[in-house]
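Colleague: I would like to learn how to read pockets and salt bridges in a model of this kind. Could you take me through the general idea of each and then the case at hand?

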Amino acid sequence: MLETRGLTAFYGDFQALYGIDALLAAGETVAIIGANGAGKSTFLKAIAGLLPSPPDAVRLDGVAIGGLAPAKVTRLGISLVPEGRKLFPSLTVEENLLIGTYGRAPGGHWNLARVYALFPVLAERRHAPSTALSGGQQQMAAIGRALMANPRILLCDEISLGLAPIVIRDIYNTVPAIKAEGASVLLVEQDIVQAMAVADRVYCFQEGRVSLAGRPSELTREQIHTAYFGT
Amino acid sequence: MTVWLDTLLQGIMLGGLYALFAAGLSLIFGIMRLVNLAHGDLIVLAAFVVLVVTSALGLDPFLAALLSAPILFAFGYALQYLLLNRTLGRDILPPLLVTFGLSIIVQNGLLEAFSADSRRIGAGALETQSLPLGGGLAVGVMPLLTLASAVLAILALNFLFYRTSIGRAFRATSDDPETAQLMGIDNRRIFALAMGVAMTVVTVAALYLGMRANFDPTIGPARLIYAFEAVIIGGLGSLWGTLAGGIIIGLAQAIGARIDPEWQILAGHVAFLVVLVLKPRGLFPRAVD
C-alpha cells in the first residue's frame, strides 16, 4: 500500500536518509528500530511531507505522493503522531481531538465518542487544557487526534518515549483496536522488545540506511545487534 | 468633579476607537506573528472605500460599511494569500520590510487617486447628537457607538476564536504551524482567512475614523502607532487586553488634554511607556507564547 523507493532526506546540507526502500502492506504493523540519529523519525517526517522528497520516492497505492504538502498527505489518509506529542497548548483536550478532523476523509470509523471509548481517561479530562495532562494521557490524546482523521495509515513516532512501562503497555494494548478499524501502522520505536512484540515486520536503520529487514521471529539477536550498532 | 467625570467618560469612549484600530493588528499578530506596518494605511484605505461606496451609491455610511466589508475581506484574503504568505518564515525581517513597502504604496496610491484633500464620511445629524446623563453630563452618540462597536467587535472575535472550528484552527496554527499542517490544516488558507477577518474589523474602524474626523491619505502611520500601543499595553495576543489597552490610551489622552491641550498626544505615549516599564509583557499576556 505504502512504498518508498530510494527515499532520501536532507536537513540543509546534511543528508539524513540515503535511499530507503521500504514497504507497508494493508493491515500490517511495521516497526522501524535503530539507534539515535539513524534516521527513523526523519523517515516518518519525509513520508508525512514535513521534509521535501522527490515525488516518485513515496508511493501510496502506486501513486507518487512524495513532496506533497503535509496537509495534503493527511487528506490522503496518512496521519502522523509526532515525536514529543505536540499537542496544541492553547486548546483543551477535546479541541485537540477535534482539530484532527480537519484532514478527515469522509466516512470512517473514528469520532469523539469512539476515541473516548478507546481512551476513557481522555473523556474525564476532556475540558482540561492539554498542558494539564500527564505524559501518558498526552500521548493518548495525540494518538486520538491522529485517529480523528480516519487514517488508513497511522505513523507513530516514539510513542513510548519517556513513559512508564505500565502506561506504555496500556497504549500498545490499543493497537489491535486501531488496526481492527482498518488502519495499517508504521511505528518508530526505541524499545526493541516492544517493537518486536507488536510488529509483523521490522526494519532496522543505521546511519540513514536500512541495515536489516524481516519478521521478528526470523531475526536473531546477533543480527539485530549488528544491524543496530554496526560492527 | 463633573469636569473630571466627563473627562473619564470621553477618554473611555475615545479608547473604543483605538481598540478598533488595534483589534485587527492584534488578531494578525496573535495568529501568524506578522507585524503589519501597513495596518494604519489599510485603515485609511478602507475609509476611502467606505467613502466611495457612500458617495457613489448615495448610501448611509453604516450601510456603505456593510457593503464594503466583504470587498475588504476579499482584499485582505488576497493580500495575505498572494503576497504576505511569501514573507512568513523563521526570519522576522521580510514581513516588516514588505509591509513597510506596502504602507508606502498604499499611501501614494491613495494620494494619486484621491489627492491630499481632507475627506470626511458624512453621518448627518448623528455627528452632533448626544445623550444627557444628568448632572450636566452628556455623551455624544457617535463616541458611544464607537465604544459599543469596539466591544461588539471584540466579543465577535472572541466567539470566532473560542467557539468555532475556524477559531480552533486559528489557535492551533498560532501554537504550532508545523503540527497544524499535520492535522490537514492549510496554513496559507488559515492566514488568508485571518487577514480577511482583520480587514473586516478594519472596515468598522475605518467607518468611525471617517465619520468622527477628517482623514487624508497620509494619516495612516499615526493610527498604526496608537494601534501598536494598545496591542502592547494589553499584552500580545489577548483581544480583551487590546480593548483595555485602547481605553488606557484614550483615558490618558483625555486626561492629558484636560490638564493642557498640548499634552493630549504626549500623555497617551507616556501611559504606554509607563506600562512598558512596569509590565513589559503587557497587562494581560497570553499564558502560552
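Colleague: How much space lies in the second largest pocket?

Modeller: On a 1 Å grid over the protein atoms alone, a pocket is an open set of points where a 1.4 Å probe fits, with protein on both sides within 12 Å along at least five of seven lines, and its lining residues have an atom within 4 Å of a point. A volume is the space filled by probe spheres set on the points, which are joined across faces, edges and corners. Here the second largest pocket holds about 340 Å³. This is a predicted model, in which local features need pLDDT of at least 70 and side-chain atom pairs count only at pLDDT 80 or more, while totals for chains, interfaces and linings use all residues. Side-chain values use heavy atoms, without hydrogens and water, residues are numbered from 1 along each chain as its sequence is written, and chains are lettered from A, and ligands numbered from 1, in the order in which they are written.

Colleague: Which element gives the largest share of that lining?

Modeller: Helices (H or I, at least four residues) and strands (E, at least two) are DSSP runs numbered from the N terminus. Of the 17 lining residues, Ala153(B), Ala156(B), Thr200(B), Val201(B) and Val204(B) lie nearest the centre, and helix 8 of chain B gives the largest share of the lining, 7 residues.

Colleague: How do the linings of the two pockets divide by class?

Modeller: Ala, Val, Leu, Ile, Met, Phe, Trp, Tyr, Cys and Pro count as nonpolar, Asp, Glu, Lys and Arg as charged, and the others, Gly among them, as polar. The second largest pocket has 15 nonpolar, 2 polar and no charged residues in its lining, whereas the largest pocket, of about 820 Å³, has 10 nonpolar, 8 polar and 10 charged.

Colleague: How many salt bridges are there over all chains?

Modeller: A salt bridge is a side-chain nitrogen of Lys or Arg within 4 Å of a carboxyl oxygen of Asp or Glu, and the count over all chains comes to 9. One of them pairs Arg171(B) with Glu95(A) at 2.7 Å, N to O; Arg171(B) lies in helix 6 of chain B and Glu95(A) in helix 3 of chain A, so the pair joins two chains.

Colleague: Are Arg171(B) and Glu95(A) buried or exposed?

Modeller: Both Arg171(B) and Glu95(A) are buried, where buried means under 20% relative accessible area, exposed over 50% and partly exposed in between (1.4 Å probe, protein chains only).
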